[in-house]
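Please look through the sequence and the model shown here, and then follow the explanation below with both in view.

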Amino acid sequence: MADLTNEEIHALGRSVGLDIQEPELTQVGYSLNAILDAMAAIDVPGANAIEPLPLIIRSEEAQDES
């Protein structure tokens, strides 16, 4: 997988309300690309055959955690 560019990382940050500027943008890029590379290297046999389950948290549980 090709590394994400600074422009792509900046756009991803803005999509969730973050305005990442230099020099943090470069550091976030190094970290994010390293995480993506590490995740791509994980190969659990049969993991892709399992349907993910949604996380459902009852409202009182969510309030207790805050």
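A residue is called buried when its relative accessible area is under 20%, exposed when it is over 50%, and partly exposed in between, using a 1.4 Å probe and protein chains only. By this measure Tyr30, Met39 and Ala41 are exposed on one side of helix α2, whereas Leu25, Gly29 and Asn33 are the buried residues of α2. Seen down the axis of α2, these buried residues fall within an arc of 65°, so they line one face of the helix, the arc being that of the directions from the helix axis to the C-beta atoms. Helices here are DSSP runs of H or I with at least four residues, numbered from the N terminus.

This is a predicted model, in which local features need pLDDT of at least 70 and side-chain atom pairs count only at pLDDT 80 or more, while totals for chains, interfaces and linings use all residues. Residues are numbered from 1 along each chain as its sequence is written, and side-chain values use heavy atoms, with hydrogens and water left out.

What do the buried residues of α2 pack against? They pack against α1, where contact means heavy atoms within 4.5 Å. In this contact Asn6, Ile9 and His10 of α1 meet Leu25, Thr26, Val28, Gly29, Leu32 and Asn33 of α2.

Turning to the loop between α1 and α2, Pro23 lies there, and a cis peptide bond with omega of about 5° joins Glu22 and Pro23, although most peptide bonds are trans. Gln27 is found in helix α2, and at 49% relative accessibility Gln27 counts as partly exposed.

Conventions: Helices (H or I, at least four residues) and strands (E, at least two) are DSSP runs, numbered from the N terminus.
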